[in-house]
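Visitor: I have a structure open and some time to look at it. Can we go through it in plain words?
Guide: Yes, here it is.
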Amino acid sequence: MSGTPSSRPEAPAPGEDPLVHREAPSPNFDGRALPITMVVLHYTEMDGSEPALAKMCDPASKVSAHYLISEGGEVIRLVDEAKRAWHAGVSCWRGIHDINSAAIGIELDHPGHLHGYRAFSEPQFEALVPLLHRIVTTHDIPRANVLGHSDVAPARKIDPGELFPWDRLARYKLCLSRPRKLRLGDPFDNDGQFYLALERFGYDITEGRKAVEAFQRRWRPELINGEICGEIRAILFQLLLDRDRGIAR
Ligand SMILES: [Zn+2]
């Protein structure tokens, strides 16, 4: 049954993975062609975790993820982390195009923007934190490479979206936090400079306005309009400064 935010998953049996409540092996995977260097978070945009699970276990769908976390906090493993799950599609981050080969994909059971966009559930977040902590520790994944699907596919995707609590995740040092102390002055002379900096940070800028929207969705979610303004210029400048100084680790 699909988990509701109030129903807690059963504790795993002794000897089993304490962070995984259920195994639901998907046939939709193949071998990795790159080392694991990133995590991509998604929402399912479906009505409950069971339909999402059925889809990701159907060979005809050709989609999967390593983990699905229900709104009730149940962690379901579909694909072994060593294998290449099929969640990112056509995507790019910092010059890497085969994101599926480089990433561990986590699907969050959520109705998405299509079916009534809303806050992510607390039990789901509480299940995500220890799982993500283990993933980034095990594979030595930099915080700067814990990403949303919209970050790696800005022209096509908007998940997990502006309500995903990145700042809460950042307090656990599991992703970068939004820069708060911004320097005064305008760091980039013109839009071309901003786009080049955006690409340097990691985004695919093929569709410029969509790339700006993806950046806003992640770093200034209160206003997503695709417009380059002083505030987002300053946020990007600070992110790049921090990375150059090694703070992004
Ligand atoms: Zn997605």
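Guide: One term is needed before we start: a residue is buried when its relative accessible area is under 20%, exposed when it is over 50%, and partly exposed in between. Also, this is a predicted model.

Visitor: Fine. How many of the twelve residues of helix 7 are buried?
Guide: Nine of the twelve are buried, so helix 7 is largely enclosed by the rest of the structure. Among the buried ones are Gly208, Ala211, Phe215 and Trp219. Arg217 and Arg218 are buried as well.

Visitor: What do the buried residues of helix 7 pack against?
Guide: They pack against strand 8 (146-148) and four helices: helix 4, helix 5 (166-171), helix 6 (191-201) and helix 8 (230-244).

Visitor: How far apart are the end C-alpha atoms of helix 7?
Guide: They are 16 Å apart. Helix 7 covers residues 208-219, and at 1.5 Å a residue its twelve residues should span 16 Å, so the two values agree.

Visitor: Changing topic. What order do the strands of the open sheet have?
Guide: The order is 1-5-4-7-3-8, six strands with mixed pairing. Strand 1 and strand 8 are the edge strands, each pairing on one side only. Helix 1 (residues 49-56) packs on the sheet and touches strand 1, strand 4, strand 5 (75-77) and strand 7. The direction of helix 1 makes about 165 degrees with that of strand 4.

Visitor: Is strand 7 largely enclosed or open?
Guide: Largely enclosed, because six of its six residues, 103-108, are buried.

Visitor: Which residues are on which side?
Guide: Ala103, Gly105 and Glu107 are on one side of strand 7, and Ile104, Ile106 and Leu108 are on the other. Both faces are covered. As background, side chains in a regular strand alternate between the two faces of the sheet.

Visitor: And how many bridges join strand 7 to strand 3?
Guide: Six, and the two strands pair in the parallel sense. Within strand 7, Ile104 stands opposite Val39. Strand 4 (residues 67-69) also runs parallel to strand 7, joined to it by three bridges. There, Tyr67 stands opposite Ile106.

Visitor: I see a metal. What coordinates the zinc ion?
Guide: His42 and His149 coordinate the zinc ion through their ND1 atoms, and Asp159 does so through OD, at 2.1 to 2.2 Å. The spacing of these donor residues in sequence is H-x106-H-x9-D. His42 belongs to strand 3 (residues 38-43) and His149 to helix 4 (residues 149-152), so the pair ties together parts that are 107 residues apart in sequence.

Visitor: Are those two histidines buried or exposed?
Guide: His42 is buried, and His149 is buried too.

Visitor: What kind of peptide bond joins Asp159 and Pro160?
Guide: A cis peptide bond, with omega about 0 degrees. Pro160 sits in the loop between helix 4 and helix 5. Asp159 is also one of the zinc donors.

Visitor: How many disulfides does a search of the whole structure find?
Guide: Zero. For reference, a disulfide is a covalent bond between the sulfur atoms of two cysteines. Of the cysteines, take two: Cys175 is buried, with a relative accessible area of 0%, while Cys57 is partly exposed at 24%.

Visitor: What about backbone angles? What is phi of Glu45?
Guide: It is near 55 degrees, a positive value in a residue other than glycine. Glu45 lies in the loop between strand 3 and helix 1, and at 26% relative accessibility Glu45 counts as partly exposed. Phi of Asp140 is also positive, near 55 degrees. Asp140 lies in the loop between helix 3 (122-139) and strand 8. With a relative accessible area of 54%, Asp140 is exposed.

Visitor: Last one. Where is Pro9?
Guide: In the segment before strand 1 (22-23). Pro9 is partly exposed, with a relative accessible area of 24%.

Visitor: What is Pro9 in contact with, leaving aside its neighbours within four places in sequence?
Guide: His21, Gly72, Gly73 and Glu74. Pro9 and His21 are twelve residues apart in sequence, and their C-alpha atoms are 7.1 Å apart in space.

Technical notes
Residues are numbered from 1 along each chain as its sequence is written. This is a predicted model: local features need pLDDT of at least 70, side-chain atom pairs count only at pLDDT 80 or more; totals for chains, interfaces and linings use all residues. Side-chain values use heavy atoms; hydrogens and water are left out. Donors are N, O and S atoms within 2.8 Å of the metal (3.2 Å for Na, K and Ca); water is not among the atoms, so sites may look incomplete. Buried means under 20% relative accessible area, exposed over 50%, partly exposed in between (1.4 Å probe, protein chains only). A disulfide is a pair of cysteine sulfur atoms within 2.5 Å. The expected span of a helix is 1.5 Å times one less than its number of residues. Contact means heavy atoms within 4.5 Å. Two strands pair if DSSP finds at least two bridges between them. Axes are lines fitted to C-alpha atoms, for helices over the stretch in contact, and angles run from 0 to 180 degrees between N-to-C directions.
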